[in-house]
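Please read the following report alongside the sequence and the coordinates. It goes through the domains, the strands, the ligand shell and a few single residues.

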Amino acid sequence: MSTTKKQITITKDTVLFRQGDAGDCAYVIESGKVLIYIEKGSVEVPIAHIKKGEIFGEMSLIDNSPRSASVRATEDTVLNKITRDQLVDRYQSSDQLVQLLLRVMMSRLRRNNNTLMNTNNSQDESALEEATSNDAFGNIRLENRLLEALNNQEFEMFYQPIVDMEQNKIIGCEALIRWKDPIAGYISPDKFIDFLENSSLMIPVGQWIFETCFKDFNKFKDQFGSDFVMSINVSGRQFVHQDFLIDLEKLTWKHKVLPKNIKLEVTERVMMDGFNAMDILNRCTEKGFQISIDDFGTGFSSLQYLSQMPVNYLKIDRSFVSKINSDPKVLAVVKSMIYMAKELGMSIIAEGVETATERDVLLSLDANLAQGWLYCKAVPIQDFLKLPIHFSLKKAA
Ligand code: CMP
Ligand code: MG
């Protein structure tokens, strides 16, 4: 057997390893052929003849068990080694469900091999047992339920006012999706939004959101005036979708909504997509849409991108606002955000404003726009339309 760093050549009839050995690497066949077989006493039971381009020896690396079969070259054979780290790193970074499916398949192969040897190893069943209780299938169930929810029109849009705190005046709203299960009632957004945003369903659900919001927009405009701005959350998946802007424009024409009345809320994570994100953001602003960065300061802030991107608003996350009175360090961070936004020509919207004291601190820092329970929670459109344009709120004592 001659060995280079990664490639080894084995001559015909060489046994590369035997079942039960510890496994330290997998192999890709570059040329030649090998036989995978089970040793039943002195009898060899062939399992598979494999050739160029195929992989073997991967199972013991993934399920951390001894070699499940023996392998012998049936021709002079050149192999490329795949180290444990190379394989395991990739395996671990794959989707949880795909990992589970792999373990289940390997478990079945081991079980078949054991049947051939007339032995039974309860360890081989663990992946099969794990599969019956694993949460990965729970995600598939949730995905199916969300698709059903879309088809059965179980989603609703709620709207939360965005207020000019100086004038106590409603100047816009943020559109927020809600899911009403016919039996369980409203399902907490924490239970499905992250999941939805990371699934391919976000594209059709995103379409439904835009369609519903644009339909509703004209009612808001009639009530609150032509400067009313509706903020709509856009996930990274939607944003980088090739038809995003084309579909969005078509919808504005269909519902006669002006892009200047629509603010697209994207998270910092979306900005991190570098050139691609920058390009889409630029095209959105060219068309007249406004851009807001959501949850600013809670994710992967990149000040470099921020300074180059056409952003109109920064939203200060509720986690900052709720500590603005109690934690001087948080206050300092908020002050810096407001200063930075001003210098970059952006406006600030404070989220989660719940008390008059929080409002007064924000006003004293020259942050004028806010949303939060102090004013109103997210409500269905019919309730929103009953709100007065001006809130009557007094300053905190
Ligand atoms: P590993 O268990 O590391 O070492 C033996 C290899 O043979 C195993 O990884 C697989 O690559 C392969 N192998 C084991 N059982 C089967 C089977 N039933 N069918 C095909 N390939 C197998
Ligand atoms: Mg938002």
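The text below describes a predicted model, beginning with the overall division and ending with residues in loops and helices.

**Overall division**

The protein is divided into two parts, domain 1 with residues 2–133 and domain 2 with residues 138–384. Between the C-alpha centres of domain 1 and domain 2 there is a distance of 50 Å. One pair of residues can be given with its separation both in sequence and in space: V104 and E249 are 145 residues apart along the chain, and their C-alpha atoms are 46 Å apart.

**The open sheet and helix 3**

Four strands form an open sheet in the order 3-8-5-6, and the pairing within this sheet is antiparallel. Strand 3, which covers residues 15–17, and strand 6 are the edge strands, since each of them pairs on one side only. From one strand to the next, the twist averages 30°. Within the sheet, strand 5 (residues 33–40) is joined to strand 6 by eight bridges in the antiparallel sense, and across this pair E39 stands opposite E44 of strand 6. Helix 3 packs on the sheet, where it touches strand 5 and strand 6, and its direction makes an angle of about 55° with that of strand 5.

As background to these pairings, strands of a sheet are held to one another through backbone hydrogen bonds, in either a parallel or an antiparallel arrangement.

**Other strand pairs**

Strand 4, at residues 25–31, has antiparallel pairings with strand 9 and with strand 7. In the pairing with strand 9, V28 has N80 as its bridge partner, while in the pairing with strand 7, Y27 stands opposite F56. Strand 16, at residues 313–316, pairs in the parallel sense with strand 15 and likewise in the parallel sense with strand 17. Y313 of strand 16 takes part on both sides, as it stands opposite S292 and also opposite S347 in strand 17. The table sets out the bridge counts of these pairs.

| Strand pair | Sense | Bridges |
|---|---|---|
| Strand 4 (residues 25–31) and strand 9 (residues 77–83) | antiparallel | six bridges |
| Strand 4 and strand 7 (residues 55–56) | antiparallel | two bridges |
| Strand 15 (residues 290–296) and strand 16 | parallel | three bridges |
| Strand 16 and strand 17 (residues 347–350) | parallel | four bridges |

The side chains of strand 16 alternate in direction: Y313 and K315 point one way, L314 and I316 point the other way, and all of these residues are buried.

**The shell around ligand 1**

Ligand 1 is surrounded by 16 residues, of which F56, M59, S60, R67 and S68 are the closest. F56, as already noted, stands in strand 7 opposite Y27. By class, the shell consists of eight nonpolar, six polar and two charged residues. Strand 6 (43–51), helix 1 (59–62) and helix 3 (96–117) each contribute at least two residues to the shell, and helix 3 gives the most, with three residues. Helix 3 and strand 6 therefore appear in two settings, because helix 3, in packing on the sheet, also touches strand 6.

**Single residues in loops and helices**

Two residues have an unusual backbone angle, and a general remark helps to place them: most residues other than glycine have a negative phi. N168, although it is not a glycine, has a positive phi of about 55°, and this residue is found in the loop between strand 10 (155–164) and strand 11 (169–181). N168 counts as partly exposed because it has 16 C-beta neighbours inside 10 Å, a number between the limits of 12 or fewer for exposed and 20 or more for buried. K256 also has a positive phi, near 55°, in a residue other than glycine, and its place is the loop between helix 9 (244–255) and strand 14 (262–267). K256 has 10 C-beta neighbours inside 10 Å and therefore counts as exposed.

E249 lies in helix 9, and its 16 C-beta neighbours inside 10 Å are why it counts as partly exposed. M272 is placed in the loop between helix 10 (268–271) and helix 11 (275–287), and with 14 C-beta neighbours inside 10 Å it counts as partly exposed. The C-alpha atoms of M272 and K315 are separated by 17 Å, with their positions 43 residues apart along the chain.

Notes:
Residues are numbered from 1 along each chain as its sequence is written. Chains are lettered from A and ligands numbered from 1 in the order in which they are written. This is a predicted model: local features need pLDDT of at least 70, side-chain atom pairs count only at pLDDT 80 or more; totals for chains, interfaces and linings use all residues. A residue is near a molecule or strand if its C-beta atom, placed from the backbone, lies within 6 Å of it. Ala, Val, Leu, Ile, Met, Phe, Trp, Tyr, Cys and Pro count as nonpolar, Asp, Glu, Lys and Arg as charged, and the others, Gly among them, as polar. Two strands pair if DSSP finds at least two bridges between them. Axes are lines fitted to C-alpha atoms, for helices over the stretch in contact, and angles run from 0 to 180 degrees between N-to-C directions. Two residues are in contact if their C-beta atoms, placed from the backbone, lie within 7 Å. Domain bounds come from an automatic or database domain assignment.
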